[in-house]
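Visitor: Could you take me through this one? I'd like to start with the aromatic residues.

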Amino acid sequence: KAVEGAGGRDGLLRRYVGRRVTYLMGTHDTKNSRLQPERGKDEQLDKRAPAMMQGPWRLARARVFLAHLKEEAAAAGLDASRHQMRYVDAVGHKFNGMFTSHVGVATLFEFGDEEE
């Protein structure tokens, strides 16, 4: 019911791509203990078949998601350029590394476009 109340799939897509969204990803968020047991465990990463079809780790999955979003938006005649991915160099799946990095702080507090 919520989807219909928001204008259906097309309405949700239009609302979502119209918002400014930044996906903050660590360049080292590339760990999957099933594929790379020597790198240690990552209990939180979904390793079931449907998730693995999206990519072997979070960084790959985020890239697939954003590419798919932009394809869907373009097919609907929408502009998804307000959605961007920014990268935090040498950080994995660690919130403190993401949010205390220069890129993280700049993204959260909207100053400058400098990269680390």
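**Aromatic pair and helix H6**

Guide: Tyr 23 is buried, at a relative accessible area of 14% (buried means under 20%, exposed over 50%, partly exposed in between, with a 1.4 Å probe and protein chains only). This is a predicted model, in which local features need pLDDT of at least 70, side-chain atom pairs count only at pLDDT 80 or more, and totals for chains, interfaces and linings use all residues. Residues are numbered from 1 along each chain as its sequence is written, and side-chain values use heavy atoms, with hydrogens and water left out.

Visitor: Which residue forms an aromatic pair with Tyr 23?

Guide: Phe 65 does, in an edge-to-face arrangement with 5.8 Å centre to centre and 70 degrees between the planes; rings of Phe, Tyr and Trp (its six-membered ring) pair if their centres lie within 6.5 Å, and planes under 30 degrees apart count as stacked, over 60 as edge-to-face and the rest as tilted.

Visitor: And where do the two lie?

Guide: Tyr 23 lies in strand S1 (residues 21-26) and Phe 65 in helix H4 (residues 58-75), so the pair ties together parts 42 residues apart in sequence. Helices (H or I, at least four residues) and strands (E, at least two) are DSSP runs, numbered from the N terminus.

Visitor: Is Phe 65 buried or exposed?

Guide: Phe 65 is partly exposed, with a relative accessible area of 40%.

Visitor: Switching to H6, which residues are buried there?

Guide: Val 103, Gly 104, Ala 106 and Thr 107 are buried in H6. Seen down the helix axis, they fall within an arc of 165 degrees, so they line one face of H6; the arc is that of the directions from the axis to the C-beta atoms.
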